Amino acid sequence: MTDNDGLISITEIARTHGRDPAAVRRSLLHRGINVSRRKIGKRPTSYITRADYERVAEEMGAGAQPQHADVVGSGCFYLIQLEPEHDPDRFKVGFSIDSARRVAEHHTAAPFATLVKTWGCKPLWEQTAIDCVTQGCEQLSTEVFRGDLAQVQEWGERFFDLMPEAK
């Protein structure tokens, strides 16, 4: 799993944890972990350091499959209201294999965050879904917005009604 420089490939991490390599890479980048690329043989490969891997390995569960193992490659698109009492129009949207765990992760920064809705989703649909449901909303950060939550939920319903079943 490592090369001589103490680097671990994203592909190997994904294989070990039963995850999609692209999702692992996005997750690592989202956590602020530097992902480097090296050419091994004829193909460039993405790597992280062993120290960075050890920081996140426990969160990923060594050798574990995603909780929704029946939908590997799929998961859900979630709508989370971050501060229902103090800022009810601020919300987060995104893709997750495990929405309950994702909400729990947000409780660190937003202890009153509430899961409003989830829809079956494929990872490749995430950005399109975000663009669709956040029309006219103010973007506060990457996946955090402020806008009419009822309208966002309605656009989510419309978008996912048009999409095939996520398998």
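**Exercise 1.** In this predicted model, determine in which sense strand S5 and strand S8 pair, and over how many bridges.

*Solution.* Take strand S5 as residues 87-96 and strand S8 as residues 144-146. Their pairing is antiparallel and extends over three bridges. To fix the register, start from Lys92: its bridge partner in S8 is Val144.

**Exercise 2.** Place this pair in its sheet: give the strand order and name the edge strands.

*Solution.* Step one is the order, which reads S6-S4-S5-S8-S7. The sheet has five strands, is open, and is paired in the antiparallel sense. Step two is the edges: strand S6 (114-121) and strand S7 (138-141) each pair on one side only. Step three is the twist; with direction ignored, neighbouring strands of this sheet are turned by 25° against each other on average.

**Exercise 3.** Find which strands helix H6 lies across, and state the angle at which the helix runs to S6.

*Solution.* Helix H6 covers residues 149-162. The strands it lies across are S4 (75-83), S5 and S6. Relative to S6, the helix runs at about 15°.

**Exercise 4.** Summarise the whole chain: its elements, contacts and surface.

*Solution.* First count the elements: there are six helices and eight strands. Read from the N terminus, their succession is β-α-α-β-β-α-β-β-α-β-α-β-β-α. Next take the contacts between residues at least 6 apart in sequence; 64% of these join residues at least 24 apart. For burial, apply the cut-off of under 20% relative accessible area; 40% of the 167 residues count as buried. Finally, the exposed surface of the chain is about 9600 Å², with 49% supplied by carbon and sulfur atoms.

Methods: Residues numbered from 1 in each chain as written. Predicted model: local features only at pLDDT ≥ 70, side-chain atom pairs only at ≥ 80, totals over all residues. Heavy atoms only, no water. Pairing = 2+ DSSP bridges. Helix = DSSP H or I, 4+ residues; strand = E, 2+ residues; numbered from the N terminus. Axes fitted to C-alpha atoms, helices over the stretch in contact; angles between N-to-C directions. Contact = heavy atoms within 4.5 Å. Buried < 20%, exposed > 50% of the residue type's maximum accessible area, 1.4 Å probe, protein only. Areas by Shrake-Rupley, 256 points an atom, 1.4 Å probe, with all protein chains shown as cover.
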